[in-house]
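Biologist: Got a minute to go through this one with me? I'd like to start with the cysteines.

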Amino acid sequence: MLTKVCTKHGVEHIQDEVTSVELDEQGNVSHLMLEQRGRHDVEMVIDCTGFRGLIINQALGEPFMDYSDYLPNDRAMALQIDHPDPEKIESLTRSTALGAGWTWRVPLYNRVGTGYVFSSAHRTDDQAADEYLEWLGDSGKGATPRIIPMRIGRVRNAWVKNCVAIGLAKRVH
């Protein structure tokens, strides 16, 4: 939605990997070095580099406030599965408690997004994967979920200079 609204108002939307960041003399982001498009001038940046915090944390030095003492779930695993019945897509997201965290199940038009957010203090990755795949049943047979280490907390300020950090964001095709 943000892409559609902004591009209608003349904003150029670029989807590329940021490899480095240049700041001007006032500390604003002036250029991004992009993997495919090279050096790119910027006026405003939306940082959606997630846990890396490439622009907001690393380039602009905005502190990350750790909440891991209060929120122990520091790992996730994700897996895309087929619909059990593509003609009957549920109109809701399900969350289910498991032994060391919670699962999600999001039905989409072309697949079902699933995952398990858990505490590494209470399960190893292998234990959590076994628990998660058992929960998935037949739809998880033979699958290998992707493990995602998570930094738990937030940046002190989400808007610094000419950069707004929105955390994890990914374009879904």
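Modeller: Sure. Take Cys6: its sulfur sits 12 Å from the closest cysteine sulfur, the one in Cys48, and that is too far for a bond. Keep in mind that this is a predicted model.

Biologist: What cut-off are you using for a disulfide?

Modeller: The two sulfur atoms have to be within 2.5 Å.

Biologist: And Cys48, which cysteine sulfur is nearest to that one?

Modeller: That of Cys163, at 9.8 Å, and Cys48 is in no disulfide.

Biologist: How many disulfides turn up in the whole structure, then?

Modeller: Zero, after a search of the whole structure.

Biologist: Are Cys6 and Cys48 buried or exposed?

Modeller: In between. Cys6 has 24% relative accessibility, so it counts as partly exposed. Cys48 counts as partly exposed too, at 37%.

Biologist: OK, switching to the strands. What's the order in the open sheet?

Modeller: It goes 7-8-9-6-10, five strands with antiparallel pairing. Strand 7 (94–98) and strand 10 (146–149) are the edges, each pairing on one side only. From one strand to the next, the twist averages 20 degrees.

Biologist: How do strand 7 and strand 8 connect?

Modeller: As a hairpin, with two residues between them. Their antiparallel pairing runs over five bridges. In that pairing, Ser95 has Trp104 in strand 8 as its bridge partner.

Biologist: And how many residues are in the hairpin from strand 8 to strand 9?

Modeller: Four residues make that link. Strand 8 covers residues 101–107 and strand 9 covers 112–118, and seven bridges join the two, running antiparallel.

Biologist: Which residues face each other there? Say, for Val106 and Trp102?

Modeller: Val106 stands opposite Gly113 in strand 9. For Trp102, the bridge partner in strand 9 is Val117.

Biologist: What do side chains do along a regular strand, as a rule?

Modeller: They alternate between the two faces of the sheet.

Biologist: Now pockets. What's the volume of the second largest pocket?

Modeller: About 210 Å³. Its lining has 15 residues, and the closest to the centre are Gly50, Phe64, Arg151, Val155 and Gly167.

Biologist: Which element gives the largest share of that lining?

Modeller: Strand 11, with three residues. Strand 11 (153–155) and helix 2 (54–59) each supply at least two.

Biologist: How does the lining split by class?

Modeller: Six residues are nonpolar, six are polar and three are charged.

Biologist: Last thing: where does Gly61 sit?

Modeller: In the loop between helix 2 and strand 5, which spans 64–66.

Biologist: Is Gly61 buried or exposed?

Modeller: Neither one, strictly. Gly61 has a relative accessible area of 48%, which makes it partly exposed, since the exposed class is for values over 50%.

Biologist: And how far is Gly61 from Val160?

Modeller: In sequence, 99 residues; in space, 9.4 Å from C-alpha to C-alpha.

Biologist: Great. Let me get the cysteine part straight for my notes: zero disulfides in the whole structure, with the Cys6 sulfur 12 Å from that of Cys48.

Modeller: Yes, and for the sheet, write down 7-8-9-6-10, antiparallel, with strand 7 and strand 10 at the edges.

Note on methods: Residues are numbered from 1 along each chain as its sequence is written. This is a predicted model: local features need pLDDT of at least 70, side-chain atom pairs count only at pLDDT 80 or more; totals for chains, interfaces and linings use all residues. Side-chain values use heavy atoms; hydrogens and water are left out. Buried means under 20% relative accessible area, exposed over 50%, partly exposed in between (1.4 Å probe, protein chains only). On a 1 Å grid over the protein atoms alone, a cavity is a set of points where a 1.4 Å probe fits but cannot get out, and a pocket is an open set with protein on both sides within 12 Å along at least five of seven lines; lining residues have an atom within 4 Å of a point. Grid points are joined across faces, edges and corners, and a volume is the space filled by probe spheres set on the points. Ala, Val, Leu, Ile, Met, Phe, Trp, Tyr, Cys and Pro count as nonpolar, Asp, Glu, Lys and Arg as charged, and the others, Gly among them, as polar. Two strands pair if DSSP finds at least two bridges between them. Axes are lines fitted to C-alpha atoms, for helices over the stretch in contact, and angles run from 0 to 180 degrees between N-to-C directions.
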